[in-house]
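Biologist: Hi! Could you walk me through how the chains in this one fit together?
Modeller: Happy to, let me put it on screen.

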Amino acid sequence: MKPEAHNYWRSLEELASTEEFRAYVEDEFPNRTPDWNNPGSRRKFLRLMGASIALAGVTGCTKQPKEVIVPYVRSPEEMVPGKPLFYATAMTFAGLATGVLAESHMGRPTKVEGNPEHPASLGATDAATQASILSLYDPDRSQIITRDGNISGWGDFIAAVSRARDAAGLKKGAGFRILTGTVTSPTLASQIQEFLTAFPQAKWHQYEPCGRHSARAGAVTAFGAPVNTIYRFDRADVIVSLDCDFFSSAMPGSLRYARDYSARRRAAAENSSSVPPRLYIAESTPSLTGGLADHRFRMAAGEVARFASGLSSGAPEVQAIYKDLEAHPGAGIVIPGEHQSPQVHAIAHALNQKLGNAGKTVVYTDPVEAAPVDEIASLAELVKDMRDGAVETLVIFGGNPVYNAPADLNFLDALKKVNLRAHLGLYSDETAAWCHWHVPEAHYLESWSDARAYEGTVSIVQPLILPLYGGRSSHDVINILTNRADQSAYDSVRAYWQAKRPGKDFEDFWQISLHDGVMAGSAFPERTPPPVKPAPPVAAASAAQGLEVVFRPDPSVGDGGMANNAWLQEMPKPQSKMTWNNAVWISPKTAERLGVTTGDVVDIELSGRKVQGPLWIMPGQAEESLTLHFGYGRTRAGRVADGVGFNAYALRSSASLWQAAGATITRKSRGYEFATTQHTQTMEEHDPFRAATYAHFHKEPEFARPEEKQVPKDLSMFPMWNYDQHKWGMSIDLNSCTGCQACTIACQSENNIPVVGKEEVAKGRHMNWLRIDRYFDGQPENPRMYFQPVPCMHCENAPCELVCPVAATVHSTEGLNEMVYNRCVGTRYCSNNCPYKVRRFNFFLYADWDTKSLMGSRNPDVSVRSRGVMEKCTYCVQRINRVKIEGEKQDRPVRDGEIITACQQVCPAEAIVFGDLNDPNSRVAKLKQQHRDYGLLEELNTRPRTTYLARLRNPNPELEKG
Amino acid sequence: MITPHDKSNKQGSLYGIMAEFDDPESLLEAARRARDEGYRAMDAYTPMPVEGLAEAIGFSSNWVQRLVLVAGLCGASGGFLLCWWMTVIAYPHVVAGRPLNSWPAYIPITFETMVLISCITAVVGMLTLNGLPQPYHPVFNVPRFEHASRDKFFLCIEASDSKFDPAATRQFLLDQNPQEVSDVAS
Amino acid sequence: MKTEEPEPASVATLDPGPEKIIGPGHNFGSVTDEIAGVVFRPFTKTPRQLFIGFAFAFLLVNLFLVAVTWLFIRGVSVWGIMIPVAWGFAIVNFVWWIGIGHAGTLISAILLLLKQDWRTSINRFAESMTLFAVACAGMFPILHLGRPWLAYWLLPYPNTMWMWPQPRSPLVWDVFAVSTYATVSLLFWFTGLIPDFATMRDKAGNSTARRIFGTLAMGWRGSAKHWTRYQKAYLLLAGLSTPLVISVHSVVSFDFAVAIVPGWHTTIFPPYFVAGAIYSGFAMVLTLAIPVRRWYHLEDLITMRHIECMSKVMLGTGLIVAYGYGMEAFMSWYSGNEYERYAFLNRMWLGGYWWTYWLLILCNILIPQALWSRKVRMHIPTVFVISLVVNVGMWLERFVIVVTSLSRDFVPSSWGMYYPTVWDWSTYFGTIGLFLSLMFLFIRGLPAISIFEMREVVHHTESTHDHAA
Amino acid sequence: MAQIFHRSSNSLAKISIVAALLAVGGVVWAAYKINAGSFITDVSVARAQPVPFSHKHHVADDGIDCRYCHTSVETSAVAGIPPTETCMSCHSQIWANAELLEPVRDSFRTGKSLEWTRVHDLPDFVYFNHSIHVAKGIGCSTCHGRVDRMPLMFKVNTLYMQWCVECHRNPAQYIRPRDQVFNIAYEYPENQSELGPRLVKEYKVLSLTDCVTCHR
């Protein structure tokens with residue numbers, strides 16, 4: 001769609017400011033929608049109580065209900081009814097921007113795509129970004145300004161804050177504090193600076209629960225000053241990851257890294273001349289990166305530091321790795337984990353310089369944070385001052401410290417001592433509950449701002465829609481402090497850049513920046529930092545008794561900010577396939593030693609603090625080490641997330657942010673019910689997933705399609721159908737797939753797939769059209785982890801079609817396996833007969849037909865299914881048709897790559913390719929020519945259109961021998 | 001024993017004369033005799049089918065099986081054509097890579113329709129040929145006829161018969177030593 | 001006709017034993033009176049057990065109504081079904097009931113063609129059972145639809161969408177097979193009843209009964225001409241129903257055999273489903289006939305001969321079923337197909353449902369072997385228990401086929417367990433209640449034994465006696 | 001025994017059977033009639049509108065082109081309902097204070113949209129695209145009829161699947177030269193039988209009867 005979209009990207013400013021637009025928006029989503037004051041249970045919210053027989057008129061012969069058409073009064077120019085517009089903007093995580101193109105239907109944002117021009121996206125996004133569209137419409141978002149819990153107004157808020165500011169002003173601002181997350185927004189930073197200069201005694205604190213604390217501290221230890229490190233996987237032959245999961249969205253730049261790394265692996269698989277990169281990883285918790293690694297060294301997180309120093313000191317057990325690194329000077333990467341100690345970072349920096357990687361595969365720039373400070377110290381200071389009563393006013397921008405501040409700080413007790421507490425946030429959350437003032441924050445699709453990407457590139461954040469719930473942005477609030485209450489966020493952002501970019505060409509510069517979604521030349525230049533100071537020696541194995549506890553942001557809901565997002569809650573976590581829960585991960589052996597097992601609810605006690613959570617035996621987990629995920633145990637997140645899981649922050653201490661030793665567990669009860677989407681962990685006797693080493697592959701290229709799996713062409717008594725027009729097909733490269741689940745959510749967003757809730761998932765009724773199967777291979781202590789995305793195979797001899805009594809699923813002349821919801825009567829026979837089990841059934845009325853605000857999030861090009869009908873992957877037929885129609889109108893054939901399925905578009909690793917098999921030059925046709933290509937269950941003669949490229953590993957021969 | 005001739009019965013309003021027997025054998029015997037005597041328009045009434053009785057009264061019909069044969073053929077061809085028409089003419093879909101006319105799949109339906117149509121024809125045909133339903137019939141006028149559905153066997157020579165003569169026929173029947181002979185008012 | 005209940009002592013004497021199919025001293029009149037007497041008994045003289053039985057059954061019917069109402073309100077989600085096990089009790093019960101329905105047509109048709117005189121006193125009973133069983137079965141395919149209000153889309157009828165059923169689907173075959181079977185069974189049953197309606201009409205005491213039976217009898221008067229056509233039609237029906245009854249359960253088995261699910265995709269299914277159907281059918285006939293025979297003291301009409309013959313049929317068909325199981329096991333190994341092999345191992349011990357398989361072997365194969373012994377066949381309580389066991393066993397067989405196979409098919413990631421909910425059970429027991437209620441009403445309201453055919457039996461036995469004499 | 005039924009009951013019985021059969025047939029027939037009748041299909045049922053807008057007047061009398069109001073018909077799936085300002089572009093001058101047009105002016109003043117009653121309304125699971133049909137030489141009047149003769153808008157076709165499929169199977173009988181697409185008064189020529197196929201070939205018209213052509 002991008003080429004077409006280009007014509008439509010226009011800045012929204014004049015549109016957003018027109019009165020009509022406001023009228024239209026209000027008309028569509030009245031700000032007064034009292035969604036927020038009828039809580040209702042989560043089940044209810046998810047429409048599991050659906051008793052109505054919806055989708056009226058579906059029988060085809062019933063009378064159409066009366067409908068009205070509501071045209072514009074004055075129509076906005078660039079808007080063509082029925083055509084989507086795309087606007088470039090950016091979403092930030094922990095302050096760092098990912099460029100996105102947001103799709104807007106008649107003024108409704110319905111889908112988020114990656115911005116190909118943006119360095120941190122390259123057209124891809126992660127799952128959370130995909131899910132952000134749902135958060136935009138989340139009826140649980142706070143919708144009114146409250147003062148002490150009572151409805152209040154913006155004006156009153158301005159007055160109150162101004163008063164506090166003026167009072168503080170008498171003392172140069174002493175006692176006035178601002179708490180933000182990590183700030184990369186140049187505009188916001190300058191606004192804050194302006195305020196601080198006006199009130200020198202006022203203080204600005206930053207705290208990001210899952211920010212880059214170690215990276216910053218590590219850089220300071222190594223170089224004496226904060227430095228931003230970027231890795232160039234496209235140039236790396238040997239990668240040693242020190243507990244760094246650089247494929248997970250917790251890692252800034254992960255999308256870019258995934259793309260570069262997988263590109264290298266693919267290249268090596270396609271021609272034997274290019275060398276495949278080799279990836280070693282030392283980690284405690286099975287991660288996406290660990291899944292793709294050629295060698296995975298399992299160790300407690302606390303051991304990683306010793307592993308690292310072993311590398312630099314040339315310890316025997318890591319000789320082979322070090323030799324490998326040495327053999328590729330300037331073509332290796334030693335990458336420290338975001339969640340490892342600063343020390344490990346320092347060692348990594350040292351190694352990279354020693355091995356000559358610095359400046360080649362490892363690049364340094366100035367920090368992207370506007371003010372790179374030790375956030376933990378900053379927060380600690382704030383807490384101390386609050387406790388000492390030195391803080392009179394605290395304005396919290398977007399954070400939720402009451403929920404996620406390190407437990408040892410007792411943030412809440414300190415907070416209570418502050419006279420005036422104001423909170424700006426998307427939700428009236430745990431922190432808002434303890435603040436005098438709460439102001440609804442505008443979603444990033446509703447507000448103007450700017451932010452830097454992981455390597456410094458600036459993007460302007462522009463709104464697609466007026467705040468649905470009257471939200472305000474940080475800029476608006478800071479404008480009050482700087483006495484510019486009348487100035488809008490748009491004014492502030494524009495004014496900032498105008499000041500930076502004086503001259504008459506500003507307008508063009510502004511328009512282009514908005515249009516492209518990236519500000520040309522705003523990326524930081526590379527710099528060569530001073531030589532690394534010798535890293536302090538690593539302490540010998542700490543004799544701490546008890547278990548190690550490792551903290552990680554949750555694979556689906558991250559630090560908990562998006563916990564109320566039902567798509568993310570129901571997204572199976574890549575490693576465990578668990579939904580609607582976090583759990584205490586424990587290794588099989590340790591569990592056996594402690595006599596506990598999956599489903600046991602245990603108290604975890606760590607330095608006097610205690611949380612209770614269910615155990616989950618995780619193959620590949622390090623011995624004597626538990627992994628806890630943040631983001632759960634919310635109490636004021638909303639109807640979706642409240643009371644789901646347990647809050648791991650309650651164990652976290654500012655001293656040991658990511659791992660701590662000396663924990664003990666005691667079983668409280670047994671048999672906790674998890675809701676997982678996959679119950680069988682291994683491939684049993686079958687081989688859906690096929691893998692080999694590069695070496696073996698070159699020896700035996702056909703390994704992926706053994707003789708017994710082939711079926712003779714003349715097996716059927718009937719002749720084959722020949723598809724003479726288009727012949728759609730898909731190829732999925734298992735060698736690239738990182739298992740990040742972004743495709744699952746992209747599919748959910750594109751195809752209006754409902755969520756079903758924990759109880760239903762537990763019954764085995766989840767609805768994802770595109771699931772990612774995870775198989776463990778090898779001994780349970782440290783198995784290989786395989787990820788296999790499974791959409792509908794669109795079999796040419798589709799077993800599902802044969803058994804449908806009403807022809808609700810049949811083949812199109814282009815070989816699509818069509819599923820016609822309105823014809824389906826729900827015998828479910830097709831699902832039984834589908835060997836891939838990719839069909840999903842609406843056992844209840846899952847789709848939410850009631851919650852008004854959610855209707856806005858739906859894709860108008862896809863039917864919303866009702867109770868009792870089957871559904872499944874359609875190869876995004878709505879996209880196929882759109883492109884075909886445009887082609888037809890222009891009287892030209894469809895170009896290869898013009899049709900992009902939602903899963904393909906989002907995939908950071910470019911693992912999914914869709915196209916026309918009748919076009920011999922199409923990318924997909926070429927991929928299917930490869931030796932690695934094999935079809936799942938080919939032996940059944942289903943002739944699947946979706947096929948896989950087998951996974952290849954590149955182990956170090958030396959280690960393989962051992 | 002013998003009941004006196006009932007005056008009330010007018011010649012014209014006489015349907016026939018009926019004799020009652022105790023067991024199938026004697027009825028059979030009587031029927032044969034009647035036929036030898038030259039009576040044609042007669043019928044026998046029994047509580048259950050009696051072998052050879054139809055032949056005895058000179059009746060045979062094989063319309064039922066003819067009808068059923070035709071019906072079966074129609075049913076079978078109809079069933080197959082329906083399937084063929086639905087998949088090839090009415091709305092051709094590509095289903096599971098099978099050809100439009102995947103005839104082997106149509107056999108079960110073909111068979112079922114064949115059976116259905118023929119069975120319906122068998123029953124409906126039988127009833128129609130028997131002229132049923134016919135709740136009113138002169139023979140029901142005979143007081144003891146209720147035994148025809150229990151344990152007695154009746155032979156009725158009908159007035160329509162050319163050779164029928166009230167007195168003679170009655171006498172003829174009396175000669176077959178029946179339980180009783182009675183006029184059947186029409 | 002009997003009005004007062006005879007003493008249990010005399011009951012024993014009623015039964016002529018295993019040689020005779022009818023008690024001594026019966027003539028045309030006596031059989032007529034005895035059978036019709038069941039219907040014409042004064043209401044108060046209805047056996048107490050019948051009241052109790054009906055009350056219980058009717059309770060279950062109400063349970064059924066509740067379950068179905070809830071089902072329509074909430075959708076099939078109220079059952080335990082999920083992906084991969086998208087078919088649960090509904091289909092299990094469907095197949096089970098259809099199977100039970102087979103005994104009727106078999107006894108009436110096949111045994112008629114085979115000139116088995118012992119069929120006479122039980123065929124009407126079995127035919128009615130068929131009707132009611134098929135009625136129960138027929139509901140499930142509709143109830144289990146995601147959108148039952150669109151069930152009519154499975155019928156070929158001209159519509160505004162120009163859409164037609166997809167006749168390659170076994171489900172469409174089902175529609176034709178089951179509806180045909182239901183219709184033909186009804187015709188067969190009704191045709192058989194016509195002469196008996198006449199009898200009832202002529203025996204009825206009050207005029208309403210006379211008019212009702214009269215209408216049903218359509219003026220049947222036992223004319224020799226009518227009898228000839230009648231017998232031809234009846235024979236044709238029998239001739240047609242014989243292949244029909246075999247086809248119906250074959251088609252039902254196609255629902256599975258045509259699918260590719262390992263454990264379903266088996267060529268042995270049609271014959272072994274048919275055998276299984278007859279097996280369970282006869283079991284059900286015994287289950288019902290034994291008590292009814294006692295309550296109404298029909299031991300002289302449904303004699304030990306009948307009981308033994310049915311036991312033998314059960315034993316025989318049971319062995320065929322056992323062969324079927326054996327074949328499945330053999331094929332899973334012999335085919336060399338990894339999925340078939342795994343499916344069978346899964347059935348026996350890998351999967352979570354292994355115990356249902358062994359329970360089924362016990363009920364369907366091991367226990368019924370007791371019928372080899374004549375002593376057992378002669379001991380009514382034991383036969384009764386065995387018939388019950390077989391009913392359970394045959395239900396389990398369908399459960400194992402449907403659920404166990406689906407729970408683990410091809411892709412390990414999508415395997416899962418199905419757990420029936422309270423609504424699954426209530427729907428199942430509900431239909432049992434419906435079946436029994438209809439059965440009890442039938443016994444009370446219509447001649448449960450074909451009267452005119454009994455007269456024929458009397459006639460034959462008499463004549464044979466004469467020849468003997 | 002006495003007769004239970006009167007003589008007449010014989011004929012009565014036979015008649016009632018025939019009658020029953022006829023009754024069943026009649027019911028079925030009636031059902032089809034009703035389903036095809038305008039009560040269900042709304043064919044040729046004029047709908048009340050906030051403003052009694054007359055296509056007859058605007059198209060026939062004023063000769064305004066379809067695209068003047070239905071602007072996106074050539075570019076988008078939906079033809080587009082004109083915004084109030086389009087009405088006002090003329091009616092600010094002519095009929096500027098006609099009582100009839102008060103709702104229009106009111107909407108323009110208050111910025112509150114007019115709410116027209118839908119006449120051509122497909123079920124939500126049907127995806128129809130105007131632009132491609134127009135581009136392939138399917139004229140407005142082919143589906144919408146002679147709107148230039150409709151004082152108030154009404155359907156001339158059922159818009160049933162049956163109706164759509166008929167044309168999708170054989171477009172040749174309905175296709176017209178591209179330049180005639182917006183000619184509301186277009187009459188099919190005698191030689192349609194050979195013109196049709198020619199245009200179909202020329203415009204590369206695919207007769208798509210795949211489900212996904214309309215259902216997604």
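**Chain A and its partners**

Modeller: Across the interface of chain A and chain C, 35 residue pairs are in polar contact, both residues of each pair being at pLDDT 80 or more. Keep in mind that this is a predicted model.

Biologist: Got it. Which elements of chain A give two or more residues to the side that touches chain C?
Modeller: Those are β30 (771–777), α26 (799–803), α27 (829–833) and β34 (840–841) of chain A. Sorted by class, that side of chain A has 28 nonpolar, 17 polar and 16 charged residues.

Biologist: What's the area buried between chain A and chain C?
Modeller: About 5,000 Å², with carbon and sulfur atoms giving 57% of it. On chain A, the trio A:H686, A:R823 and A:Y829 supplies 14% of what that chain buries against chain C, more than any other three residues.

Biologist: And how many salt bridges are there between chain A and chain C?
Modeller: Three. One of them joins C:D409 to A:K837, with the closest N and O atoms 2.7 Å apart.

Biologist: Switching to chain D: how many residues does the contact with chain A take from each?
Modeller: There are 45 from chain D and 42 from chain A. Together the two chains bury about 4,000 Å², 54% of it on carbon and sulfur atoms. D:F125, D:V212 and D:R216 supply 18% of the area that chain D buries against chain A, more than any other three residues.

Biologist: Which salt bridge does D:R118 form?
Modeller: Its partner is A:E67, and the closest N and O atoms are 3.6 Å apart.

Biologist: What about strands, which ones pair up between chains A and D?
Modeller: Strand β1 (residues 68–69) of chain A runs antiparallel to β1(D), and two bridges join them. In that pairing A:I69 stands opposite D:W116.

Biologist: Now inside chain A. What order do the strands of the seven-stranded open sheet take?
Modeller: The order is β6-β5-β17-β16-β15-β7-β8, with mixed pairing.

Biologist: Why is one side of β6 and of β8 left without a neighbour in the sheet?
Modeller: Both β6 (150–151) and β8 (203–206) of chain A stand at the edges with a single partner strand each, so one side of each has no neighbour there. Further in, β7 (residues 176–180) and β15 (residues 393–397) of chain A run parallel, joined by four bridges.

Biologist: Which helix packs on that sheet against β7, β8 and β15?
Modeller: That's α14 (residues 375–387) of chain A, whose direction makes about 125° with that of β8(A).

Methods: Residues numbered from 1 in each chain as written. Chains lettered and ligands numbered in written order. Predicted model: local features only at pLDDT ≥ 70, side-chain atom pairs only at ≥ 80, totals over all residues. Heavy atoms only, no water. Buried area = accessible area lost by both parts, 1.4 Å probe. Salt bridge = Lys/Arg side-chain N within 4 Å of Asp/Glu carboxyl O. Polar contact = N/O pair within 3.5 Å; in protein donor to acceptor, adjacent residues only side chain to side chain. Nonpolar A, V, L, I, M, F, W, Y, C, P; charged D, E, K, R; others polar. Pairing = 2+ DSSP bridges. Contact = heavy atoms within 4.5 Å. Axes fitted to C-alpha atoms, helices over the stretch in contact; angles between N-to-C directions.
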